[in-house]
Amino acid sequence: MSDYGTQLGNALSEIGITQLAFSFEANVSREAVSSYTTGRTVAPPDIKSKSVLLTDNPFLAMAAAQESTAGTSPGILDGDRIEVNRHTVLDRTEHEMIELLKVIQEAEKRVISAPPRSLTPQERQEIEMLIQETLDVVTASTNLAAILCREYKISWIKQWAIHKSKWMKNGLMKMMKEVTGK
């Protein structure tokens, strides 16, 4: 079963919507919804978008992004070696941020100032370590935000809208196409 399928089933159940009701919202058959939740069929992008907008579920949004971007977005922390709650994920995020800061400080001293074409194999390896540590922080902090939204009943969609608006206001992002739903 796909993560998206599992998360879709969970999200619909959490808000008390049946597969049949969602099928009407998404303009697909109930059988299609069933095939998405079991992972027999990959949901098309418009269905993923509708499901996220309808449920406002951060873990469904993360699973949809994972599936839609060939795994190039933060995954859901659900491994056997982590108890997923706000305390453990907060600790994990803090740990990853400290590790990233150490790698950044080393890279600033030695590698970042060098033109990319002049990197030695060892320096290139340091850049890759910086990338990996950055991705560790992205994954941990995205999961932390998702857990906080879920546990405190704060809108995931609204938080992303506020975040993007702030970054656009500060000239760090350009206007994006707005996603509308329902």
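Which residues of α6 are buried? That was what I wanted to know when I opened this predicted model.

**Entry 1: the buried side of α6**

I went through α6 and found V89, T93, E96, L100, V103 and A107 buried. The spacing caught my eye, so I reminded myself of the helix rule. An α-helix has 3.6 residues a turn, so residues three or four places apart point the same way. Next I looked up what these buried residues touch, and they pack against α7.

I also checked the length of α6, which runs over residues 86-110. Its 25 residues should span 36 Å at 1.5 Å a residue, and the end C-alpha atoms are 36 Å apart, so expectation and model agree.

**Entry 2: α6 against α7**

How far apart are the axes of α6 and α7, and at what angle do the helices pack? I read off 8 Å between the axes and an angle of about 155°. Angles over 145 degrees count as roughly antiparallel, and therefore α6 and α7 get that label. For handedness I noted a left-handed crossing as α6 passes α7. I then sorted the residues of this contact by class: 14 are nonpolar, 5 polar and 10 charged.

**Entry 3: R92**

I picked R92 as a single residue to follow in helix α6. Its relative accessibility is 38%, so I put R92 down as partly exposed. I also looked up its separation from A140. The two are 48 residues apart in sequence, while their C-alpha atoms are 6.5 Å apart in space.

**Entry 4: α2 and its partners**

I moved on to α2, residues 19-26, and tried α3, residues 30-38, as its partner. Their axes come within 8 Å and cross at roughly 110°. That makes α2 roughly perpendicular to α3, since the range for this label is 65 to 115 degrees. On the α2 side I listed Q19, L20, F22 and S23, and on the α3 side R30, V33, S34 and T37. By class I get 3 nonpolar, 4 polar and 1 charged for the contact of α2 with α3.

Then I took α4, residues 45-55, as the other partner. What is the angle between α2 and α4? I noted about 115°, with the axes 10 Å apart. The crossing of α2 and α4 is right-handed. Here F22, E25 and A26 of α2 meet I47, K50, S51 and L54 of α4. The class split for the contact of α2 with α4 is 4 nonpolar, 1 polar and 2 charged. I marked F22 in my list, as it appears in the contact with α3 and again in the contact with α4.

**Entry 5: positive phi**

Next I went looking for backbone oddities. Most residues other than glycine have a negative phi, and most peptide bonds are trans. D56 has a positive phi of about 50° although it is not a glycine. I located D56 in the loop between α4 and α5, the latter being residues 58-68. With a relative accessible area of 24%, D56 is partly exposed.

K153 went into the notebook too, with a positive phi near 55° in a residue other than glycine. Where is K153? I found it in the loop between α7 and α8. Buried or exposed, I asked of K153? At 75% relative accessible area, K153 is exposed.

**Entry 6: K169**

I looked up K169 and found it in helix α8, which covers residues 156-169. K169 is exposed, as its relative accessible area of 74% shows. I paired K169 with M62 for a distance check: 107 residues separate them in sequence, and 25 Å separates their C-alpha atoms in space.

**Entry 7: the whole chain**

I left the overall numbers for the end. How many helices and strands does the protein have? I have 8 helices and 0 strands written down, and along the sequence the pattern reads α-α-α-α-α-α-α-α. The C-alpha trace spans about 60 × 40 × 30 Å along its principal axes. Of the 182 residues, 30% are buried.

My last lookup was contact order by sequence separation. I took the contacts between residues at least 6 apart in sequence, and 61% of these join residues at least 24 apart. R92 and A140, at 48 residues apart, were one pair I had already looked up with a long sequence separation.

Terms used: Residues numbered from 1 in each chain as written. Predicted model: local features only at pLDDT ≥ 70, side-chain atom pairs only at ≥ 80, totals over all residues. Heavy atoms only, no water. Axes fitted to C-alpha atoms, helices over the stretch in contact; angles between N-to-C directions. Helix = DSSP H or I, 4+ residues; strand = E, 2+ residues; numbered from the N terminus. Parallel < 35°, antiparallel > 145°, perpendicular 65-115°, else oblique. Contact = heavy atoms within 4.5 Å. Nonpolar A, V, L, I, M, F, W, Y, C, P; charged D, E, K, R; others polar. Left-handed = near helix turned anticlockwise from the far one by under 90°. Expected span 1.5 Å × (residues − 1). Buried < 20%, exposed > 50% of the residue type's maximum accessible area, 1.4 Å probe, protein only.
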